[in-house]
Amino acid sequence: MSAELVTVLHTTDGRSAQKIFRCGQAPVPYQAGTMFTFERRNIRSLCEFARYLAELEQNPTAFIIRGQPLPHVDASSIVYRRYRGDGAAFTPSLTQLVCVDVDNVEAPLGMSPCSDEAVEHVIRRLPAEFHNSSYVRQFSSSAGLSGQKVKVHLWWWFDRGYGDQELRR
């Protein structure tokens with residue numbers, strides 16, 4: 001398994017890069033702003049990625065993006081999260097570490113939408129290649145707040161890199 005360079009953006013002014021949900025209150029939308037610092041982390045396995053993701057979950061100013069910085073962008077720069085046009089700082093790149101963002105799959109009645117059983121229910125709806133493979137799951141911040149809807153990010157480590165267009169097919 002080859003290593004993967006993961007790009008993580010950090011808000012520059014302490015704003016949260018997460019949506020915030022509180023019982024009985026309206027959600028606080030994503031308000032991360034437009035300017036970011038970034039870091040790249042060399043990840044060598046899905047297990048190592050799971051540990052890193054758990055670390056990032058503790059930092060509300062950080063989030064992962066696909067892509068890599070353009071050659072002219074210095075790691076100490078404050079940048080826009082742009083892939084094209086003026087101020088572009090990142091370019092799409094091949095990735096072995098792929099996230100499937102699930103928002104609206106209904107868990108069967110009687111099954112918690114925040115359970116491992118619900119995650120397996122989602123995976124069974126994906127192509128067969130996903131069914132018996134290792135993955136990392138990360139429930140969305142709104143998980144469990146939308147009735148029976150499963151809201152989860154599922155991460156897989158593929159045997160080769162895929163580009164954005166291939167992943168959208």
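This tour goes through the two largest pockets of a predicted model and ends at a residue in a loop.

Begin with the largest pocket, which has a volume of about 1400 Å³. Of the 42 residues that line this pocket, select F63, I64, Q138, H153 and W155, since these are the closest to its centre. Next, colour the elements β1 (4-11), α1 (46-57), β3 (62-65), β7 (95-106), β8, β9 (149-162) and α3 (164-168), each of which supplies at least two residues of the lining of the largest pocket. Among these elements, β7 gives the most to that lining, with 6 residues. If the lining is then coloured by class, the largest pocket shows 19 nonpolar, 12 polar and 11 charged residues.

Move on to the second largest pocket, where about 520 Å³ of space lies. Its lining consists of 21 residues, and the ones to select are V98, V100, F130, F158 and L167, which lie nearest its centre. The elements that give two or more residues to this lining are β7, β9 and α3, and here β9 gives the most, with 5 residues. By class, the lining of the second largest pocket has 12 nonpolar, 2 polar and 7 charged residues.

Finally, select R125, which is placed in the loop between α2 (116-124) and β8 (136-139). Is R125 buried or exposed? R125 counts as exposed because its relative accessibility is 56%, and the cut-off for exposed is over 50%. With R125 still selected, add V105: the two are 20 residues apart in sequence, and their C-alpha atoms are 9.3 Å apart in space.

Technical notes. Residues are numbered from 1 along each chain as its sequence is written. This is a predicted model: local features need pLDDT of at least 70, side-chain atom pairs count only at pLDDT 80 or more; totals for chains, interfaces and linings use all residues. Side-chain values use heavy atoms; hydrogens and water are left out. Helices (H or I, at least four residues) and strands (E, at least two) are DSSP runs, numbered from the N terminus. Buried means under 20% relative accessible area, exposed over 50%, partly exposed in between (1.4 Å probe, protein chains only). On a 1 Å grid over the protein atoms alone, a cavity is a set of points where a 1.4 Å probe fits but cannot get out, and a pocket is an open set with protein on both sides within 12 Å along at least five of seven lines; lining residues have an atom within 4 Å of a point. Grid points are joined across faces, edges and corners, and a volume is the space filled by probe spheres set on the points. Ala, Val, Leu, Ile, Met, Phe, Trp, Tyr, Cys and Pro count as nonpolar, Asp, Glu, Lys and Arg as charged, and the others, Gly among them, as polar.
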